[in-house]
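Me: I am new to this structure and would love a close look at one part of it, the salt bridges. Could you walk me through them and show me where they sit?

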Amino acid sequence: MVLKFNHPGLLRSDNFIGGRWQGSASGAQYAVCDPATGDTIATVADSTAADSTAAVAAAHSAFDSWRQQPAPARAQIIRRWHALILEHTEDLARLISREQGKPLAEARGEVAYGASYVDWFAAEAVRSYGDIIPAPIASKKMLVTKEPVGVVAAITPWNFPLAMIARKIAPALAAGCTVVAKPAEDTPLTALALVALAEEAGLPAGVLNIVTSSREQVADVVGAWLNDGRVRKITFTGSTAVGKLLARDSAATLKRLSLELGGNAPFIVFEDADLDAAVEGLMAAKFRNGGQTCVCPNRVYVQESVYDAFAEKLVARVQALRVGPGDHEGSQIGPMINARAVDKIERHVQDALARGASLLTGGQRLSGGVTNGPNYYAPTVLGDANHEMELARDETFGPVAPLFRFRDEEEAVNAANDTPYGLAGYFYSRDVTRIWRLADRLQTGLVGINEGALAAESAPFGGIKESGYGREGSRYGLDDYMATKYLCQGNLA
Ligand code: NAP
């Protein structure tokens, strides 16, 4: 490994199954690459169905004793895990930045953000209350309790290598579930480090298991979980296409599902908005992580009377963005995750230009200087976008802000909702009556009102329509990992 950290125990290349670090039974490994250079930074286990089945066996045999631990005892271990994550922030941030490419400052923010879910669910573990229902007759007692659903399979994407997996594992453990996890091919190292810290925190063997795999193996590895009746729940963050596959292929064993899927977020700027605040909000929401977040605005609708002024302010801000490797001082936009991602961005921009968009800034790959690598793309603003363009229908997942003109509120709302997706939506307005109308009418699970930064561990995160179902974080988040049980005792008189 070419990586060096203060805590050498964080660098792992093996699976963790039943409390033991072990390579794939097949002995295979695959290379993890630095997206800034394309160089190999580590090799990790390239698992097979045999490994993922072994992980389920371990999680299944650990389930009874973990669920029977009193909630405060589970909470104490999760709290220790949280403290260790914070203690090793710098190592974890360097790992995130190195394998995912985001600027170091953002990576540090991700560690704090991911850790906040761990802390939150340590506290929620002791608050999974039930209910007592007034019985219709005196000789009965009627109660509702909640119990862990069982073995949970967590499958995560590469864009937040720490936060996405932390916000699945923490509520699962808090609820009393055991976990088998598979991180994305591109970013396994941070997930392995997180599991190493959970081991250090004293999590019993088998409670948390992780297997890594290449894209070639993923259908096999996850397929074993989908077919295994011992896995009672799948929690997935990733694309809508894969979410649908998981829903279809888990039907035979009727697993519970939480699906945090793709978005196509609208960002609407009305003529009564504070334009400077709207530009700030868009910069934060659109260009964080190089535009590679599921809540990134994908379509920016600007009312025609303020369109030119807004475009001018936005272009000035975008041109000032500094692009470079994540660990380079002052980088604000890192490399994209891989060649496929850059190809998609390029295809969307070319398609938009061919269909009449105007190029306001950016619009090409970058190379040379600090951006000497295969995966850099210039922060881009396109004008005169329309709904015939590919980027109006499909999330670009890159640093591209297309501006669409609109005349009135009705047109903006209809355009914003004209998508099968419904994760995040944003709008800027100072008209209080409009604010409540829009809050009602936007078909998204998350709504930013004069605000570009939405996510918080205390708030329910999740979508509607083809952006999925289930919620992560908040007091609602634990319920996704618990089954409701009704107890009725009779003949008490
Ligand atoms: P993806 O291709 O769906 O991958 C997500 C995870 O699923 C990865 O671990 C991937 O493994 C795995 N996977 C891929 N094909 C699979 C298959 N056939 N069977 C089982 N698992 C499979 O998504 P992505 O491109 O990495 O991530 C970007 C997407 O995630 C975007 O659509 C984004 O909007 C969405 N996202 C949503 C949220 C949210 O909270 N709603 C948050 C972040 C991202 P490999 O890496 O090995 O392919």
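Reply: Here is a walk through the salt bridges, with the overall setting before them and two backbone details after them.

A word on the ground rules: this is a predicted model, so local features need pLDDT of at least 70 and side-chain atom pairs count only at pLDDT 80 or more, while totals for chains, interfaces and linings use all residues. Residues are numbered from 1 along each chain as its sequence is written, and side-chain values use heavy atoms, with hydrogens and water left out.

Let us start with the setting. The protein has 14 helices and 22 strands; these are DSSP runs numbered from the N terminus, with helices (H or I) of at least four residues and strands (E) of at least two. Along its principal axes, the C-alpha trace spans about 75 × 60 × 40 Å. Of the 493 residues, 57% are buried. Here buried means under 20% relative accessible area, exposed means over 50%, and partly exposed is in between, using a 1.4 Å probe and protein chains only.

Now for the charges. The protein carries 48 positive and 56 negative side chains, and the centres of the two sets lie 6 Å apart. Lys and Arg count as positive and Asp and Glu as negative, while His and the chain ends are not counted. Each charge is placed at NZ of Lys, CZ of Arg, CG of Asp or CD of Glu.

A search of the whole structure finds 28 salt bridges, a salt bridge being a side-chain nitrogen of Lys or Arg within 4 Å of a carboxyl oxygen of Asp or Glu. One of them pairs Arg67 with Glu147, whose closest N and O atoms are 3.7 Å apart. This pair links distant parts of the chain, with Arg67 in helix α1 (residues 49-68) and Glu147 in strand β6 (residues 141-148), 80 residues apart. Arg67 is partly exposed, at a relative accessible area of 31%.

Next, look at Arg215 and Asp186, whose side chains meet in a salt bridge at 2.8 Å, N to O. Both sit in loops: Arg215 between β9 (208-210) and α7 (218-226), and Asp186 between β8 (178-182) and α6 (188-200), with 29 residues separating the two. Arg215 is partly exposed at 33% relative accessibility, whereas Asp186 is buried at 15%.

Another pair is Glu346 and Arg365, with closest N and O atoms 3.0 Å apart. Glu346 belongs to helix α11 (residues 339-354) and Arg365 to the loop between β14 (358-361) and β15 (380-383), so their salt bridge ties together parts 19 residues apart in sequence. Glu346 is partly exposed at 26% relative accessibility, and Arg365 is partly exposed too, at 32%. There is also a network: salt bridges that share partners join Asp272, Glu409, Arg434 and Arg437.

Finally, here are the two backbone details. Most residues other than glycine have a negative phi. Asn450, however, has a positive phi near 55°. You will find Asn450 in the loop between β19 (446-449) and β20 (464-465), where Asn450 is partly exposed at 32% relative accessibility. Asn491 also has a positive phi, of about 55°, although it is not a glycine. Asn491 lies in the segment after β22 (482-489) and counts as exposed, at 78% relative accessibility.
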